[in-house]
Amino acid sequence: MERFTRRTLKACTRKSRELRLAYEYAVLALRSLVYNSAVGEDYLLELLFQPVYCLVDAVVPWFGKALVVTVALLTLSVVLTMYGVVYPSVLPRAGPWGTALHLGYGHWNLALISFHYYKAVSTNPGQPTQGSYDRAEASLCKKCLRCRPPRAHHCRVCCRCVLKMDHHCYWMDNCVGHFNHRYFLSFCVSMTLGCVYCSATTWDLVTLGGDPAPADASDLPDASDLPRLDPFRRNFLVYVWVMCSGVSVILGVLTLWHARLVTRGETSVERRLNERTRVHANARGQVYRNPYDHGPLGNWKLFLGVGHKRHWATRVLLPSSHLPAGDGALWNA
């Protein structure tokens with residue numbers, strides 16, 4: 001009886017083990033059908049935000065164009081106010097040299113803003129082409145399922161890979177990549193300088209020019225020279241000053257951020273990747289160096305396309321449509 005009991009227990013144990021192994025195998029087989037090595041926290045967050053991405057994809061085709069028109073109209077309104085209200089009030093008391101300085105700087109800045117914004121919007125940032133890069137350094141895009149060269153990344157809005165992608169700018173309705181990165185940053189710099197200029201020029205008119213002369217106006221510097229504007233024109237001055245002051249601060253911070261990235265020889269996308277790689281390297285006791293960093297001055301020369309001293313004037317201070325260094329696919333690390 002005891003022998004029969006032991007044999008029965010052994011048979012039951014063996015059978016339960018076989019059933020458990022069969023169950024585990026079935027579960028593993030089912031999981032293998034949907035296995036993805038990329039599944040992690042980033043994948044789950046992307047999955048949760050998928051409805052938002054779908055909404056953005058549906059809105060962006062017309063939203064980006066609306067923002068481009070908005071930028072053009074706001075810039076035009078500031079230019080018309082400067083010509084119609086500010087300059088007629090400022091230039092008569094500026095003197096010959098002051099008038100020449102105002103007109104010279106204002107028109108130079110306006111030319112830079114118009115040229116660089118148009119080029120940033122209309123220039124293709126660049127797309128990878130087969131055979132234009134080293135296969136050994138290429139990576140596979142999980143969205144396009146195609147090989148891409150170093151520094152190229154996929155843009156969800158444009159649904160394509162972009163050479164040396166920095167980010168997608170909705171205000172330009174275009175990606176910022178290898179062939180229009182310089183236009184984008186030059187526009188940011190020139191627009192910031194233009195907003196600072198307009199804000200500083202309209203300050204005296206906003207604070208004193210639109211109101212009746214105060215009782216102690218003689219104690220204020222040049223108060224007698226300030227013109228008196230009607231409330232309608234003064235509202236335009238307040239509008240220009242408020243908008244230009246706000247844009248100069250916000251866009252100035254963005255410009256400094258991108259200038260810092262250029263100084264370090266990296267893009268917005270590469271900054272996150274490099275920071276993650278640097279943390280992992282430090283944990284292993286190693287030091288990570290950005291392979292595309294040629295030093296602050298070298299990075300700026302490469303970014304601006306400066307090869308000779310005269311290029312600082314012809315390619316930086318003046319509008320220039322010269323191509324950037326390289327083709328955006330092959331890089332000398």
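Student: Over residues 183–203, what percentage of the chain is helix?
Tutor: This is a predicted model. UniProt, in an unreviewed entry, places a "transmembrane region" at residues 183–203. The end C-alpha atoms of this stretch are 30 Å apart. Strand makes up 0% of the stretch, and helix 100%.

Student: How far apart are the end C-alpha atoms of residues 236–257?
Tutor: The UniProt record also lists residues 236–257 as a "transmembrane region". The chain there is 100% helix and 0% strand. Its end C-alpha atoms are separated by 31 Å.

Student: Is α6 roughly parallel or roughly perpendicular to α8?
Tutor: Helix α8 covers residues 296–304. The axes of α6 and α8 lie 7 Å apart, and the packing angle is about 105 degrees. Angles from 65 to 115 degrees count as roughly perpendicular. Therefore α6 is, relative to α8, roughly perpendicular.

Student: Which residues of α8 meet α6?
Tutor: The contact of α6 with α8 divides into 5 nonpolar residues, 2 polar and 1 charged. From α6 come Ala259, Val262, Thr263 and Arg264. Their partners in α8 are Pro296, Asn299, Trp300 and Phe303.

Student: Which elements give two or more residues to the lining of the second largest pocket?
Tutor: The second largest pocket holds about 760 Å³ of space. Its lining counts 33 residues. Nearest its centre are Thr75, Phe187, Met191, Cys195 and Val247. The elements that give two or more lining residues are α3 (50–90), α4 (95–122), β5 (167–169), α5 (181–209) and α6 (231–264).

Student: How many residues in the lining of the second largest pocket are nonpolar?
Tutor: Sort the lining by residue class. There are no charged residues in the lining of this pocket. Polar residues number 7, and nonpolar residues 26.

Student: Which residues does Pro324 contact, leaving aside neighbours within four places in sequence?
Tutor: Pro324 sits in the segment after α9 (311–317). Its C-alpha atom is 7.2 Å from that of Leu304, and the two residues are 20 apart along the chain. Beyond its neighbours within four places in sequence, Pro324 is in contact with His178 and Phe179.

Technical notes: Residues numbered from 1 in each chain as written. Predicted model: local features only at pLDDT ≥ 70, side-chain atom pairs only at ≥ 80, totals over all residues. Heavy atoms only, no water. 1 Å grid on protein atoms, 1.4 Å probe; cavity = no way out; pocket = protein on both sides within 12 Å on 5 of 7 lines; lining within 4 Å. Points joined across faces, edges and corners; volume = space filled by probe spheres on them. Helix = DSSP H or I, 4+ residues; strand = E, 2+ residues; numbered from the N terminus. Nonpolar A, V, L, I, M, F, W, Y, C, P; charged D, E, K, R; others polar. Axes fitted to C-alpha atoms, helices over the stretch in contact; angles between N-to-C directions. Parallel < 35°, antiparallel > 145°, perpendicular 65-115°, else oblique. Contact = heavy atoms within 4.5 Å. UniProt positions renumbered as here; feature names shortened; annotations may be inferred.
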